[in-house]
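Visitor: I would be grateful for a close look at one residue in this model. Could you begin with how far it is accessible, and then work outward to the parts that surround it?

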Amino acid sequence: MSLDITPLVSDDRLMISSYGDGRFTVNDRKVEGSILLYENKVTPWPVTEAKEITLDSLQPLLDVADKYDILVVGCGKMSHMPPKGLREAIKEKGLVLEWMNSGAAARTFTVLQTEDRRTLAAIIAV
């Protein structure tokens, strides 16, 4: 006897199945470069290093913040502290900021999606 323990995830959820070599695979689609994930879409994000992460660079996500609870940010290969004041500004938008390296961010975003959590993501390609 075998049991399938694969979680049931609705088709409208974005799922990252792989990352690395400057790209991501999201819902079986290869995407080059850094990405924003929100409202069931993946868009390019012109950020290549943590120091470029600002409220302005995150604005597409902040524009829809009222529909979400969590913002996962992947800041590159190594985790760095978020820029001063960013966490507070994100909190003012009603979001919890989860700041981590990009690999952890890709994995965390996917887990949160399987849990049906209202999650946005901005992840630098590694």
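Guide: Serine 34 counts as buried because its relative accessibility is 7%, below the limit of 20%. The model is a predicted one, and every value here is computed from it. Serine 34 belongs to the loop that lies between strand 3 and strand 4, the latter being residues 35-38. Its side chain makes a polar contact, reaching the backbone oxygen of valine 47 at 2.6 Å. With neighbours within four places in sequence set aside, the contacts of serine 34 are Phe24, Thr43, Pro44, Trp45, Val47, Ile123, Ile124 and Ala125.

The strand on one side of this loop leads to the first of two sheets. Strands 1, 2 and 3 form an open sheet in the order 1-2-3, with antiparallel pairing. Its edges are strand 1 (16-20) and strand 3 (29-32), each of which pairs on one side only. From one strand to the next, the twist averages 20 degrees. Strand 1 and strand 2 run antiparallel and are joined by four bridges; tyrosine 19 has phenylalanine 24, in strand 2, as its bridge partner. That phenylalanine is also among the contacts of serine 34. The hairpin of strand 1 and strand 2 has two residues between the strands, and aspartate 21 takes a positive phi near 55 degrees there. Four bridges likewise connect strand 2 (residues 23-26) with strand 3, again in the antiparallel sense. Valine 26 stands opposite arginine 29 of strand 3.

Valine 31 is also a residue of strand 3. With a relative accessible area of 9%, valine 31 is buried. Beyond neighbours within four places in sequence, valine 31 is in contact with Gly22, Arg23, Phe24 and Val42. Phe24 thus appears in the contact lists of both serine 34 and valine 31.

On the other side of the loop, strand 4 leads to the second sheet. This open sheet has five strands in the order 5-4-8-6-7, and its pairing is mixed. Strand 5 (41-44) and strand 7 are the edge strands, each pairing on one side only. Here the twist averages 15 degrees from one strand to the next. Strand 6 and strand 8 are parallel and share five bridges; leucine 71 has leucine 120, in strand 8, as its bridge partner. Helix 3 packs on this sheet, where it touches strands 4, 6, 7 and 8, and its direction makes about 160 degrees with that of strand 8.

Helix 3 merits a closer description. Its 13 residues (102-114) should span 18 Å at 1.5 Å a residue, and the separation of its end C-alpha atoms, 18 Å, agrees with this. The N-terminal end is capped by asparagine 101, which has a side-chain oxygen 3.1 Å from the backbone nitrogen of glycine 103. Just after the helix, aspartate 116 takes a positive phi of about 65 degrees. The buried residues of helix 3 are Ser102, Gly103, Ala104, Ala105, Ala106, Phe109, Thr110, Leu112 and Gln113. Their cover includes strand 1, strand 4, strand 6 (70-74), strand 7 (96-100) and strand 8 (119-123). Strand 1, from the three-stranded sheet, is therefore included in what covers a helix that packs on the five-stranded one.

The nonpolar interior completes the picture. The largest nonpolar core has 23 residues, of which Ile53, Leu58 and Leu71 touch the most other members. Two or more residues come from each of strand 4, helix 1 (59-62), strand 6, helix 2 (86-92), strand 7 and strand 8. Leucine 58, with residues up to four places away in sequence not counted, touches Trp45, Ile53, Leu71, Leu86, Ile90 and Ala122. Trp45 is one of the contacts of serine 34 as well. A second, separate core comprises 18 residues, including Leu14, Val26, Leu37 and Ala121.

A contrast to serine 34 is offered by histidine 80, in the loop between strand 6 and helix 2. Histidine 80 counts as partly exposed because its relative accessibility is 42%. Its side chain reaches the backbone oxygen of methionine 78 at 3.3 Å. Its contacts outside the neighbours within four places in sequence are Ala50, Cys75 and Trp99.

Notes:
Residues are numbered from 1 along each chain as its sequence is written. This is a predicted model: local features need pLDDT of at least 70, side-chain atom pairs count only at pLDDT 80 or more; totals for chains, interfaces and linings use all residues. Side-chain values use heavy atoms; hydrogens and water are left out. Two strands pair if DSSP finds at least two bridges between them. Axes are lines fitted to C-alpha atoms, for helices over the stretch in contact, and angles run from 0 to 180 degrees between N-to-C directions. Buried means under 20% relative accessible area, exposed over 50%, partly exposed in between (1.4 Å probe, protein chains only). A polar contact is a pair of N or O atoms within 3.5 Å; within protein, one must be able to donate a hydrogen and the other to accept it, and residues adjacent in sequence count only if both atoms are side-chain atoms. Contact means heavy atoms within 4.5 Å. The expected span of a helix is 1.5 Å times one less than its number of residues. A nonpolar core is a set of buried Ala, Val, Leu, Ile, Met, Phe, Trp, Tyr and Cys residues joined through side-chain atoms within 4.5 Å.
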